Amino acid sequence: MNNRSKITLIGFSTVFSLLLLIGAVLGQEGGTDEPYRPLSVLSEVLSRIQTDYVEDPDFEHVTEGALHGMLESLDPYNSYLNPDQYRRYQEGWRGEASVGAVVSKRFGLPGIVMAFPDGPADRAGLEPGDIIESIDGRSTREMSFEEVLSRLDGAARSTVVLSVVRERAQEPKPIELLREIVQPPPMEASMMEGTIGYLKISALPEGESAKVSAQLQSLRDLGAGKFILDLRDNAYGDLAEGVELANLFIDRGLIGYLEGQQHPRESFLAEPGKAIFAEPLAVLVNGSTGGAAEILAAAILDNHRGDVVGVRTFGIGAIQRVLPLEDGSALILSVAKYHSPDGKEIQNTGVTPSVEVAQERPFVSLTPDEDAPPAPEAEEPQEDLPLNRALELLEAEALPQAA
């Protein structure tokens, strides 16, 4: 064992010993040492690795692996950055360009939540649910979430090779992407049957609520007396923007709140002066709806302002803080979570619609069968079941007439 490994082991042992001592004292005072028993197990595991592992262990690698696992067991957005990574993080280790996709890490591997239309990931055929097994030949299982993001981003026109696994695929497929500076797609507004105005919102960056307000007013000027907000495949944006947007439709009461162990409850109350749309409303969501869009959907749902139609959303609703450590490393830790007005956590749980309507995505293989006959040139467009249901609800005036 080299000196650095010995120092690491001694440091670990010292920390565990101190924690065990503190735990023993507190346990005696409180009558139980139950919360501190796992620490003795960890200490014993380290000792066994030192004495019984087949070869001289790399304790620096063991330490980082343990920290990654511990943090990801809390939620996938936590990260440990070693001193070198934290230094590069402070220097801005993410590039200006991206692959044009929102990713999340679950079950130890990152996956696609949504891909921006006509971005590099979308043009390569990547879809929600695709798992990124490796980036440029390195397994993502060993990466923190922050490192995954930093490796997906890079300089404009640079390339990155992803090894991607899709449901029902036997082998991962390498896909090379050319990074680009990707802009969120613009909103799409149109008039539908009768007096129903339709607004497709694909992203909610800071300041987007003002643009949404302007688009809705334009639809109102065209005769819209009811609205559909399509938030499907919307997982990009500023979480606080969801609160601002909800206030356009809710004139009183709680929109949601933010709370954490060291973050006192911060409630977001509707301001009557900001609520300028009282028309009947329906909101469309799917499994790729996340973040700010979920905060908006939860506020509409819990305030009985309108129906939310579709399937359960993805579940992105926490804010992270960088916590530097004494050795030059750092933690990126979730410190507070958004909750719906009824107190439901959005993080990892998502929003369950009031009207559940599933819309299956057609399965496309990452490795098409070359012997299969070519697909017909003109296929019937797939019926949009959630949109049809939302239209039915509004046409029947099943939604409330005012906030």
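In the predicted model, helix α6 spans residues 145-152 and contains both Arg151 and Glu147, which are separated by four residues, or about one turn of the helix. The side chains of these two residues meet in a salt bridge with an N to O distance of 3.0 Å. The partners differ in their exposure class: Glu147 is buried, because its relative accessible area of 3% falls under the 20% limit, whereas Arg151, at 31% relative accessibility, counts as partly exposed.

A salt bridge is also formed by the side chains of Glu279 and Arg220, at 2.8 Å from N to O. Glu279 belongs to the loop between β12 (263-269) and β13, while Arg220 is part of helix α7, so the pair ties together parts that are 59 residues apart in sequence. Here, too, the acidic partner is buried, with a relative accessible area of 14% for Glu279, and Arg220 is partly exposed at 27%. In the salt bridge between Glu345 and Lys337, the closest N and O atoms are 3.4 Å apart; Glu345 is partly exposed with a relative accessible area of 32%, and Lys337 likewise counts as partly exposed, at 23%. Salt bridges with shared partners further join Asp84, Arg87, Arg88 and Glu91 into one network. The count of salt bridges comes to 23.

Helix α7, which carries Arg220, leads to the description of the sheet. Six strands form an open sheet in the order β8-β9-β10-β13-β14-β17, and their pairing is mixed. Its edges are formed by β8 (188-191) and β17 (355-356), each of which pairs on one side only. The pairing of β8 with β9 (residues 196-200) is antiparallel and extends over four bridges; within this pair of strands, Ala189 stands opposite Leu199, and Met191 stands opposite Gly197. Helix α7 (residues 208-221) packs on the sheet through contacts with β8, β9 and β10 (226-230), and its direction makes about 155 degrees with that of β9. Helix α9 (residues 292-302) also packs on the sheet, where it touches β10, β13 (281-285) and β14 (307-310), with its direction making about 140 degrees with that of β13. The hairpin of β8 and β9 has four residues between the strands, and in this hairpin Gly194 takes a positive phi near 65 degrees.

Methods: Residues numbered from 1 in each chain as written. Predicted model: local features only at pLDDT ≥ 70, side-chain atom pairs only at ≥ 80, totals over all residues. Heavy atoms only, no water. Pairing = 2+ DSSP bridges. Helix = DSSP H or I, 4+ residues; strand = E, 2+ residues; numbered from the N terminus. Contact = heavy atoms within 4.5 Å. Axes fitted to C-alpha atoms, helices over the stretch in contact; angles between N-to-C directions. Salt bridge = Lys/Arg side-chain N within 4 Å of Asp/Glu carboxyl O. Buried < 20%, exposed > 50% of the residue type's maximum accessible area, 1.4 Å probe, protein only.
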